[in-house]
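Hi,

Here is the structure I promised to send over. Have a look at it first, and then read my notes below.

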Amino acid sequence: MRSPTANADSRLSLWQHVRAYAVPPSMIEAATARRRVGDWAGACAAARVDVDLDLRAVARCHGRDLTARLRADLRHLAPDLLRWHMPRIAPDGLLRPGLTLSLARYDPADHGCAELVHLVARTPPAWADAGQRISLALWAGSRDEGGCPHPHPDRRFRLDLHRHLWDTRRTDELRSRSGAPELTSDDAAPMHPDPPWDALRERGYAAHRWAAEAMLLLQAEGRTSGAVVVRLGPRRRLVLDIAAAGTDLRPAARIAGASRAGRVAGLPALPDAATWMVPDLELLRRGLIEIDRLHPLVAAALAPGHPVAATPASPHPAAAPRLVACRGVWHRIGLVNGALTPMDHDPAEIRREELLAALTGTPLPCLRAIREAHRRPECLPDIRARLDHGDTAGALAVVEALLGPDALLRSGNLREELENAALRRVSYGLFRAGLTGHGPAPCSRDRQSKRDGRSHPRHAIAP
């Protein structure tokens with residue numbers, strides 16, 4: 001069993017990978033531009049968020065009051081920020097599949113209807129996760145709009161109590177609710193007996209915020225005190241007894257005991273967003289990410305006063321010629337007329353060498369380097385990560401910077417990755433069209449398991 005420090009380092013390295021690939025700067029820039037002009041649907045499209053709701057139908061079914069509140073929430077929704085904070089799974093940091101996550105709750109007493117309505121964000125099942133797309137819909141309890149295999153909002157993953165993770169009107173709250181002890185000293189409530197704070201902090205728990213967040217959870221259920229469950233791991237649960245706020249206006253928390261999963265099913269569960277510290281804060285503290293690489297709204301909340309660019313900086317792939325040791329001298333290979341070409345060889349010599357290679361001869365080192373770039377380039381892990389996280393445009397930009405926009409891909413690992421990504425997008429399209437039921441498309445499991453031998457299991461990760 002690994003030490004808590006090793007677990008924390010592994011979790012942070014995974015989140016470092018997520019921050020590098022999951023929400024590319026081009027997406028943030030496009031979504032922000034559309035949101036600022038009031039085009040919430042365009043912002044969702046830019047952030048690869050499908051909208052499965054019709055405001056006119058909502059007005060007919062639930063009334064104008066709820067529709068007005070829903071429209072206001074959609075106008076202030078930052079879909080790129082929502083994607084930034086969505087729950088993810090190891091080992092690749094992909095979106096947690098098959099999840100229905102509540103963003104907002106509209107109580108019957110507030111809109112004059114007979115049922116509770118949720119604005120939810122959904123993720124497709126793992127076999128249809130190409131593009132890492134998210135969908136927005138309404139869930140009204142008695143009926144589900146969209147045919148999702150898991151329509152009920154998850155009680156562990158919910159953001160209706162954490163609007164600062166998606167609502168631009170509340171993003172300033174991220175600093176006070178991040179879980180950092182020095183940032184939450186005014187709101188932190190004493191817990192008796194004192195838990196091992198250092199051990200909890202090393203593992204990334206926001207224990208200083210548990211009492212205040214648990215009180216918000218109880219108040220959402222119409223209570224002022226009671227027991228709340230904190231999930232510490234797959235089989236470990238901590239029960240907190242929350243007392244009403246005293247004269248200092250802070251709730252008091254007492255550890256009532258620890259239990260195993262299944263024994264505390266009837267108690268309200270503290271959401272994961274409140275259980276863990278914000279990973280961006282830990283990444284900043286350990287120097288694993290620069291402030292300019294964060295989402296602008298996150299950077300403005302965690303580092304107020306720090307000059308932040310409109311969008312995170314994105315290193316552009318270098319297109320300069322590369323040097324190859326060829327027959328005792330250094331030769332250049334680079335983009336010529338839209339394709340990767342040897343720059344220090346005569347065209348006639350290149351044709352002779354290509355013919356020789358076709359007849360099983362040994363080609364020039366320059367030609368071998370170009371063939372290797374087509375089949376197994378050094379940047380293949382970067383391209384693969386972009387494809388896994390749905391950034392097809394970013395992956396193609398890297399390929400074009402490497403091989404040129406007019407290059408004809410040869411057989412090899414790079415071509416297989418691009419072809420598999422296209423096939424997986426077909427599976428997602430079939431899922432969205434309802435042509436596969438609740439199961440995977442034919443052979444989709446086989447394609448997923450053959451992806452360069454990377455058929456490793458997936459696990460949930462903490463935020």
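Let me begin with helix α17, whose buried residues are Gly394, Ala395, Val398, Val399, Ala401, Leu402 and Leu403. Before I go on, please keep in mind that this is a predicted model. Those buried residues of α17 pack against quite a list of elements: the strands β11 (322-326), β12 (329-336) and β13 (339-342), plus the helices α15 (365-375), α16 (380-388) and α18. Helix α17 itself covers residues 392-403, which makes 12 residues. From its first C-alpha to its last, α17 reaches 16 Å, close to the 16 Å expected at 1.5 Å a residue. Just after α17 comes glycine 404, with a positive phi of about 100°.

Next, the strands that α17 packs against. β11 and β12 run antiparallel and are joined by five bridges. If you want a spot to click on, alanine 325 has tryptophan 330 in β12 as its bridge partner. The two strands make a hairpin with two residues between them, and arginine 327 in the turn has a positive phi of about 55°. β12 then goes on to pair with β13, again antiparallel, through four bridges. There, leucine 335 has leucine 340 in β13 as its bridge partner. The hairpin of β12 and β13 also has two residues between the strands, and in this one asparagine 337 takes a positive phi near 55°.

There is also an open sheet of four strands, in the order β1-β6-β5-β4, with mixed pairing. Which strands stand at its edges? They are β1 (49-51) and β4 (100-106); each has a single partner strand, so one side of each is left without a neighbour in the sheet. From one strand to the next, the twist averages 25°. The partner of β1 is β6 (residues 134-139), and these two pair in the parallel sense over three bridges. Valine 51 is the residue that stands opposite leucine 136 in β6.

On to the aromatics. How many aromatic pairs does a search of the whole structure find? The count is four. In one of them, tyrosine 205 and tryptophan 276, the ring centres are 4.4 Å apart and the planes sit at 25°; planes under 30 degrees apart count as stacked, so this pair is stacked. Tyrosine 205 is in the loop between α9 (197-202) and α10 (210-220), while tryptophan 276 is in the loop between α11 (272-275) and α12 (279-285), so the pair ties together parts that are 71 residues apart in sequence. Tyrosine 205 and tryptophan 276 are both buried.

Tyrosine 428 and phenylalanine 431 make another pair, with ring centres 6.3 Å apart and planes at 45°, so this one is tilted. Both sit in helix α18 (residues 413-432), and being three residues apart they are separated by about one helical turn. Are they buried or exposed? Tyrosine 428 is buried, with a relative accessible area of 9%, and phenylalanine 431 is buried as well, at 18%. Add Trp127 to Tyr428 and Phe431, and you have one aromatic cluster.

Since α10 came up above, a word on that helix too. Eight of the 11 residues of α10 are buried, so it is largely enclosed by the rest of the structure. The buried ones are Trp210, Ala211, Ala212, Glu213, Ala214, Met215, Leu217 and Leu218. Just after α10, glycine 222 takes a positive phi of about 80°.

Last, a helix pair. The axes of α4 (residues 55-62) and α5 (residues 64-75) come within 7 Å and cross at roughly 145°. On the α4 side, the contact is made by Leu55, Val58, Ala59 and His62; α5 brings Arg64, Leu66, Thr67, Leu70, Arg71 and Leu74. Sorted by class, that contact has six nonpolar, two polar and two charged residues.

Cheers

Conventions. Residues numbered from 1 in each chain as written. Predicted model: local features only at pLDDT ≥ 70, side-chain atom pairs only at ≥ 80, totals over all residues. Heavy atoms only, no water. Phe/Tyr/Trp six-rings, centres within 6.5 Å; stacked < 30°, edge-to-face > 60°. Buried < 20%, exposed > 50% of the residue type's maximum accessible area, 1.4 Å probe, protein only. Expected span 1.5 Å × (residues − 1). Contact = heavy atoms within 4.5 Å. Pairing = 2+ DSSP bridges. Axes fitted to C-alpha atoms, helices over the stretch in contact; angles between N-to-C directions. Nonpolar A, V, L, I, M, F, W, Y, C, P; charged D, E, K, R; others polar.
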